[in-house]
Amino acid sequence: MILTDIMKYIESEYKVINNTPCEICGGDYEANELEILVINDETYDICQCTCSLCGHEKIFEFPAPFLNEEYLKYRNNIN
């Protein structure tokens, strides 16, 4: 994937979050924390969100096919 494809992919994740109403009050979710996890050898963007009205927390999980092993090795070496 090229950079513009990756940006479109991430933008689509935020569209999903912004278009998902809170299941408690119907309010809007705001992204608080984003992390990358490897689950069963697959990379995922995990986004922790909080409702702006009632404070209900929800975790969104998106596959991240644009992250490959080389990126993960690089990331682990930096930390």
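# Briefing: a nonpolar core and what surrounds it

The largest nonpolar core has 8 residues: I17, C22, Y29, C47, C49, C51, F60 and F62. Two elements, β2 (42-51) and β3 (57-63), each give two or more residues to this core. Strand β2 supplies the largest share, 3 residues. In soluble globular proteins, nonpolar side chains tend to be buried together. The model is predicted.

**Overall layout**

- The protein chain holds 2 helices and 3 strands.
- Read from the N terminus, the order of elements is α-β-β-β-α.
- The protein chain has 79 residues, and 25% of them count as buried.
- Take the contacts between residues at least 6 apart in sequence: 36% of them join residues at least 24 apart.

**Confidence in the model**

- The average pLDDT of the protein chain is 85.
- A score of at least 70 is reached by 84% of the residues.
- Among the elements, β3 has the highest mean pLDDT, at 95.
- Helix α2 (residues 69-78) has the lowest mean, at 60.

**Helix α1**

- Helix α1 covers residues 3-18, which makes 16 residues.
- At 1.5 Å a residue, α1 should span 22 Å. Its end C-alpha atoms are 23 Å apart, which agrees.
- Which residues of α1 are buried? They are I6, E13 and I17.
- Seen down the axis of α1, these buried residues fall within an arc of 45°, so they line one face of the helix.
- An α-helix has 3.6 residues a turn, so residues three or four places apart point the same way.
- The buried residues of α1 pack against three strands: β1 (29-39), β2 and β3.
- I17 also belongs to the largest nonpolar core.

**F60 in the core**

- F60 is one of the core residues.
- Beyond its neighbours within four places in sequence, F60 is in contact with I17, T20, Y29, D45, I46, C47 and C49.
- Of these partners, I17, Y29, C47 and C49 are listed in the core too.

**Cysteines**

- How many disulfides does a search of the whole structure find? The search finds 0.
- A disulfide is a covalent bond between the sulfur atoms of two cysteines.
- C49 is in no disulfide. The nearest cysteine sulfur to C49 belongs to C47 and is 3.7 Å away. The cut-off for a disulfide is 2.5 Å.
- C49 is buried, with a relative accessible area of 0%.
- The closest cysteine sulfur to that of C51 is in C25, at 3.5 Å, which is too far for a bond.
- C51 counts as buried because its relative accessibility is 4%, and the limit is under 20%.
- C22 sits in the loop between α1 and β1. This residue is buried too, with a relative accessible area of 4%.
- Leaving out neighbours within four places in sequence, C22 is in contact with G27, Y29, C51, C54 and H56.
- C22 and E57 are 35 residues apart along the chain, yet their C-alpha atoms are separated by 8.8 Å.

**D45 and T50 in strand β2**

- D45 lies in strand β2. Is D45 buried or exposed? D45 is buried, with a relative accessible area of 5%.
- D45 touches residues more than four places away in sequence, among them I10 and E13. Other partners of D45 include L34, E35, I36, F60, E61 and F62. A64, F66 and L67 are also touched by D45.
- One of those partners, E13, is a buried residue of α1.
- T50 is in strand β2 as well.
- T50 counts as buried because its relative accessibility is 18%, where the limit is under 20%.
- Not counting residues up to four places away in sequence, T50 touches D28, Y29, E30, N32, G55, H56 and E57.

**L37 in strand β1**

- L37 is found in strand β1.
- L37 counts as partly exposed, at 33% relative accessibility.
- With residues up to four places away in sequence set aside, L37 touches E42, T43, Y44 and I46.
- L37 and E61 are 24 residues apart in sequence. In space they are 9.6 Å apart, C-alpha to C-alpha.

Key:
Residues numbered from 1 in each chain as written. Predicted model: local features only at pLDDT ≥ 70, side-chain atom pairs only at ≥ 80, totals over all residues. Heavy atoms only, no water. Core = buried A, V, L, I, M, F, W, Y, C linked by side-chain atoms within 4.5 Å. Buried < 20%, exposed > 50% of the residue type's maximum accessible area, 1.4 Å probe, protein only. Helix = DSSP H or I, 4+ residues; strand = E, 2+ residues; numbered from the N terminus. Contact = heavy atoms within 4.5 Å. pLDDT = per-residue confidence, 0-100. Expected span 1.5 Å × (residues − 1). Arc of directions from axis to C-beta.
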